[in-house]
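Welcome! Open your viewer, turn on the selection tool, and let's take a short walk together.

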Amino acid sequence: MSKEPVERFPTDGALPDLDDIRSAAARIAKFIGRGALVKSHALSRGGAGGADIRLKLETLQPTGAFKVRGALNAVLQLSRTELDAGVVCASTGNHGRAVAYAAAEVGTRAVVCLSRLVPQNKIDAITGLGGEVRIVGRGQDDAQREVLRLTREEGLTEIPPFDHRDVIAGQGTVGLEIVEDWPDVDTVVVPLSGGGLVSGVAIAAKALKPKVRVVAVCMARGAAMAASLKAGHPVDVDEVPTLADSLGGGIGLENRYTFTAARRWVDDVVLLSEHEIAAAMAHLMLAEGLVVEGAGAVPVGALLAGRVKDARRVALVISGRNVDSETVRAVLSGALEPGEAS
Ligand SMILES: *Cc1c(COP(=O)(O)O)cnc(C)c1O
């Protein structure tokens with residue numbers, strides 16, 4: 001990862017800090033409570049020197065993913081006038097679901113703009129929460145254009161999926177809880193897409209424990225933040241179908257917060273093949289009894305592939321569970337090899 005100065009990129013507005021993340025935790029507590037951090041015996045056993053591997057189960061959140069944290073933290077800070085007009089977002093699914101959930105909690109309208117790549121189960125989940133869905137174009141960028149139009153022409157407030165202080169602070173409560181619950185943790189492994197989760201987690205974890213290593217994981221194909229970190233500035237990549245569909249989409253060429261944060265605080269980026277993601281999903285189902293979507297399984301994939309360096313006391317953020325039954329079947333039939341089901 002190159003380290004030249006980032007000043008030539010828009011960085012208006014400071015990143016959230018530990019205090020912002022603590023405030024977020026207090027603000028959202030009565031809506032979602034605290035997430036579980038549980039030891040994985042299957043993964044700990046295999047590690048050299050008695051590694052201790054724990055799973056931060058964001059799959060247990062009411063919307064099936066951590067994104068409800070950031071959405072609630074943002075929506076709960078809107079004014080009465082803003083709430084009266086409603087909120088809007090673009091999303092590969094889980095953020096849209098989270099915004100719909102948060103909007104329902106405070107009794108406001110949510111419009112969710114999605115691209116055609118989004119699986120039907122995620123669309124159903126949003127409409128089931130009372131959110132209005134608009135399908136536009138074939139990628140995040142098209143969906144984003146529709147969001148802009150709705151903010152300008154209909155006065156809705158955008159709740160962005162990652163590049164927003166309140167959203168980052170909300171996601172940071174994941175890191176806060178991990179270090180509070182397990183002060184001895186030395187590595188936190190986090191799925192990476194737009195970088196809201198990894199930014200928040202890194203800010204909280206490193207503020208409480210500066211030596212903590214933060215490892216970000218994404219799919220090898222179509223990983224915008226990984227490509228941007230490599231290039232030294234935000235770049236676009238072609239969006240391609242992947243098992244980790246929640247990790248698709250760009251980081252925005254005008255990225256304000258998460259590129260800077262990821263560049264500053266992510267210690268290592270691991271890229272996984274589709275096969276490695278499938279193996280991680282199969283492990284979670286067969287060895288841990290957990291249904292996890294591809295995006296949520298990538299930290300396990302990085303560990304299983306031996307790509308988490310010095311893995312001793314490692315927290316894996318299992319970020320979401322929202323996968324359709326077809327994909328589950330495909331993963332189990334393709335990845336289930338003799339010996340893997342133990
Ligand atoms: C959004 C999402 C991610 C990635 O979060 P970013 O903040 O965009 O990096 C990871 N896993 C799941 C399940 C998600 O929905």
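## Where two domains meet

Start by colouring the protein chain in two parts: domain 1 covers 12-60 + 165-333, and domain 2 covers 67-158. Keep in mind as you go that this is a predicted model.

Now place a marker at the centre of each domain, using C-alpha atoms: the two centres are 22 Å apart.

Next, select the residues where the domains touch. You should find 26 residues of domain 1 in contact with 20 residues of domain 2. Together the two domains bury an area of about 2100 Å², and carbon and sulfur atoms supply 51% of that area. Which residues of domain 1 lose the most area to domain 2? Select R27, F31 and N322: these three account for 28% of what the domain 1 side buries.

Time to look at the links across the boundary. There are two salt bridges between domain 1 and domain 2. For a salt bridge to zoom in on, show the side chains of R69 and E177, where N and O are 2.9 Å apart. Polar contacts also join the domains, with ten residue pairs counted between them.

Now switch to the cartoon view and highlight α1 (18-32) and α8 (165-181), the elements that each give two or more residues to the side of domain 1 that touches domain 2. Of these, α8 provides the largest share, eight residues.

For a last stop, colour that side of domain 1 by residue class. What mix appears there? Facing domain 2 are eight nonpolar, nine polar and nine charged residues.

Notes:
Residues numbered from 1 in each chain as written. Predicted model: local features only at pLDDT ≥ 70, side-chain atom pairs only at ≥ 80, totals over all residues. Heavy atoms only, no water. Domains from an automatic or database assignment. Contact = heavy atoms within 4.5 Å. Buried area = accessible area lost by both parts, 1.4 Å probe. Salt bridge = Lys/Arg side-chain N within 4 Å of Asp/Glu carboxyl O. Polar contact = N/O pair within 3.5 Å; in protein donor to acceptor, adjacent residues only side chain to side chain. Helix = DSSP H or I, 4+ residues; strand = E, 2+ residues; numbered from the N terminus. Nonpolar A, V, L, I, M, F, W, Y, C, P; charged D, E, K, R; others polar.
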